[in-house]
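Trainee: I am new to this structure. Could you take me through it?

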Amino acid sequence: MSATGRPAVWAPAVWALATVTALTGCVDLADERAANEARIGQRRGAGLTVAVQDGLAAVRVLEPGRLELWPQAPGLTVDLDAEAAGEWVIEVRNALPDALLSGVAATPEPRDLPTHKAWRVTLPAGPSRVDLAAPRAAAVEPFRIIAFADTQEALPEAGDFFAKMAAQRDIEFGLVSGDLTDMGYPDEVRLFQRRMEVLPFPLYATLGNHELGESSTAPAFHRYFGRASFSFPWRGARFTLVDSGTATLAPRTWRSLHTWLAQGRDGFHLFMTHMPPLDVAGLRNNAFASRAEAHKLLGTLARAGVDLTIHGHVHSFHAYAQVGMPAFITGGGGGIGEAFDGIDRHFLVIEIDPVAQTALPAVVRVGAAE
Amino acid sequence: MTPFLATALSLLLATPAPGAAAAPESGPVPPASAGRRVAAGAGAVIPGLVVHGAGHFIRGESDTGWRLLAAEGVGLGGMVGGIAGLAVTGASPRTVVPLTWMIVQGFGLFGVSALADLYGSVNGGEGAGAPLVQAPDLTVDLGYRALYDPVFPYTGLGVLGATWRHRGLALDGRLWVAADHDNQRLELTPRWRLVGPRPDRAAQDGSFLDLRTGVAWHRFGPERFQSLFGELAARGRLDLARVGPTLRGSFAEAEVGAALGGTQHAGFDLEGESLLLAGFAFGLYLGHARDGFGEVALYYDHRHDGYVGGAKLRGLGSGTPGHFGLRTRLRVWGPWGVDLHGEVGATWLGGGSLVYQWGGRR
Ligand SMILES: [Fe+2]
């Protein structure tokens, strides 16, 4: 290389460096978010230490005499440690309408919404434990849930979508596979919460890439709705929702997943991410960033006996199979719909039989295409 | 090649500008003072990152400046048009392939025109490296790549590659073997050179157009799956000396194609899969000794398979984009040289190889 040739090399080298620097750390972006998420459900303040087991609820308010939780599961166990004995009000939003609080003497207080529950409790000084559960939690019988995703920029006009979900009979809860909002801003998350007020059942949601528009590592979703990777049992079945917002699973999430898969091995197990590991249209790749990781995940799920996977992100409906597992893509919340697919806004009502270990979906259309 | 890409490349890059009508590569490079070069280089950054060609306008090379600006315009048009198309069709699988090619190649034209402006306005083609106008008969490389993958435990790969050429045909083979994991990848890519340097025939410059087929097999032992893809692609290189004399020694590349195949998990049926191929590069030839070889290129590759996969980006764009890389090949002594190579996508990969190259000349 000539001496005069040398200056020519620096320009692209600087660009290369800039590109690489811009991407530095992104390889571990999801793990940074997962590390932040691990703190959800733990809080100390106002003379009380709160620890929600498995982080299954966000601690939304902790002020003298008042604790407010937003669960991501029908049942919760909460360890409390009060500095002094005293009276508290425990508010639970996004609760099952017939949820009961046990473990300490609790007097229900009326609230306006069926999913907003509150109890006046007297906490002893020192450790105590409260449980939130519905009477039928252990009854292993068929039940119905809703699944949807991708309300995104259509959230302000999604009144009819939520009204139609509210009109479905005998729904235990809904699962949301991400992209609730367009950019993940707090006011969008609050709007989603207001939309939920018409529902007589709670929603448990994982986040999508659109929740990361404001922050990739500490999204508002965490503060309002809690963890995006979690797992819970319900009536003989297990439900595992996992954060795939960066088109990958964080290494921490992989470790938790192995535990949840072991817990769900013997019964019906539903697995949900926002991004499908593989796009039904591979040439498009609206899916995980790495095919290798996508296959590692699908193989792991299939060998752990997962019975159904549900994903969003693709604004259409597909029923298919991946590594032998039945799969649904449902992205009909109102975000820009896929053309030529014959389906617009929709959600799924799924009847789950935990004994037969089967799931029967019905597509419910909303709006012009009903 | 998409009509868009073909049009963009041929109209904007390959057609000689009025001021550069005489074989641009051999055209004299007007000298520029050090001060003017600094001003042009600065202009290629501000406002050049927005107005590509600005550095060349400052340097007094307005023909090349206009061409770079036009390339930026077409690139932006491709990106905006492709993204608008995706929005209108909701990324329907029926239209997503040409639209994605438009976005990738539009981004490529945008990036290449910016880098070319920076290169040409500072260097002006003085002492520029030269391409191989006659392709080597045989190239063999052997090396190691370190890997940082948050999801897979492997940390290093041995890589052995070889290319044998006969007339227009090039047989490419590449084997990757994880040093600390049961993982192997084999890529066999026969290519046919439609235009450009061959071992038996010298070309005017380094520009080429290749049609390639290929097979890529990848086995993940402990994860118990293996994938096999067959692929078809077109890849072209244009020596940017054809655009303007200040760009002598630099080149741009573009690729479009698709791969079809499947993945088999142990104990389960084979399931079909597809993969879009697209990419672009901007590079420089290094050195000009007649028996030497060398080039460096910054590139984008849309592939989501292999060890690196697609990029994990801040914000909401992850999943669809592919990965970026920087590759350098440089002759050290006689037929021997080195490769330095890095990529970032879902994974970091970086390392080097020892290269033996027989035949070929500049
Ligand atoms: Fe999404």
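Mentor: What follows covers each chain, its domains and one residue. This is a predicted model, in which local features need pLDDT of at least 70 and side-chain atom pairs count only at pLDDT 80 or more, while totals for chains, interfaces and linings use all residues. Residues are numbered from 1 along each chain as its sequence is written, chains are lettered from A and ligands numbered from 1 in the order in which they are written, and side-chain values use heavy atoms, with hydrogens and water left out.

Trainee: How many helices and strands are in chain A?

Mentor: Chain A has seven helices and 21 strands. Helices (H or I, at least four residues) and strands (E, at least two) are DSSP runs, numbered from the N terminus.

Trainee: And what about chain B?

Mentor: Chain B contains five helices and twelve strands.

Trainee: What is the radius of gyration of chain A?

Mentor: Chain A has 22 Å, which agrees with the value near 21 Å for a compact globule of 370 residues. The radius is taken over C-alpha atoms, and the globule rule is 2.2 Å times the number of residues to the power 0.38. The C-alpha trace of chain A spans about 85 × 50 × 40 Å along its principal axes.

Trainee: What are the values for chain B?

Mentor: For the 362 residues of chain B the rule gives a value near 21 Å, and the chain has 21 Å, in agreement. Its C-alpha trace spans about 65 × 55 × 35 Å along the principal axes.

Trainee: What share of each chain is buried?

Mentor: In chain A, 60% of the 370 residues are buried. In chain B, buried residues make up 56% of the 362. Buried means under 20% relative accessible area, exposed over 50%, and partly exposed in between (1.4 Å probe, protein chains only).

Trainee: Now the domains. Where do they fall in chain A?

Mentor: Domain 1 of chain A is 42-134 and domain 2 is 139-369; such bounds come from an automatic or database domain assignment. The C-alpha centres of these two domains of chain A lie 27 Å apart. In chain A, 20 residues of domain 1 are in contact (heavy atoms within 4.5 Å) with 23 residues of domain 2.

Trainee: How is chain B divided?

Mentor: Domain 1 of chain B is made of 3-22 + 32-122, and domain 2 is 134-361. The contact takes 22 residues from domain 1 of chain B and 28 residues from domain 2 of chain B. The centres of these two domains of chain B, taken over C-alpha atoms, are separated by 24 Å.

Trainee: How many positive and negative side chains does chain B have?

Mentor: Chain B has 30 positive and 30 negative side chains, and the centres of the two sets lie 5 Å apart. Lys and Arg count as positive and Asp and Glu as negative, while His and the chain ends are not counted. The place of a charge is NZ of Lys, CZ of Arg, CG of Asp or CD of Glu.

Trainee: One residue, please. Where is A:A106?

Mentor: A:A106 is in strand β8 (residues 106-109) of chain A.

Trainee: How exposed is A:A106, and which residues does A:A106 touch?

Mentor: A:A106 is partly exposed, because its relative accessible area is 28%. Leaving out residues up to four places away in sequence, A:A106 touches A:L101, A:W119, A:R120 and A:V121. The C-alpha atoms of A:A106 and A:L80, 26 residues apart along the chain, are separated by 14 Å.
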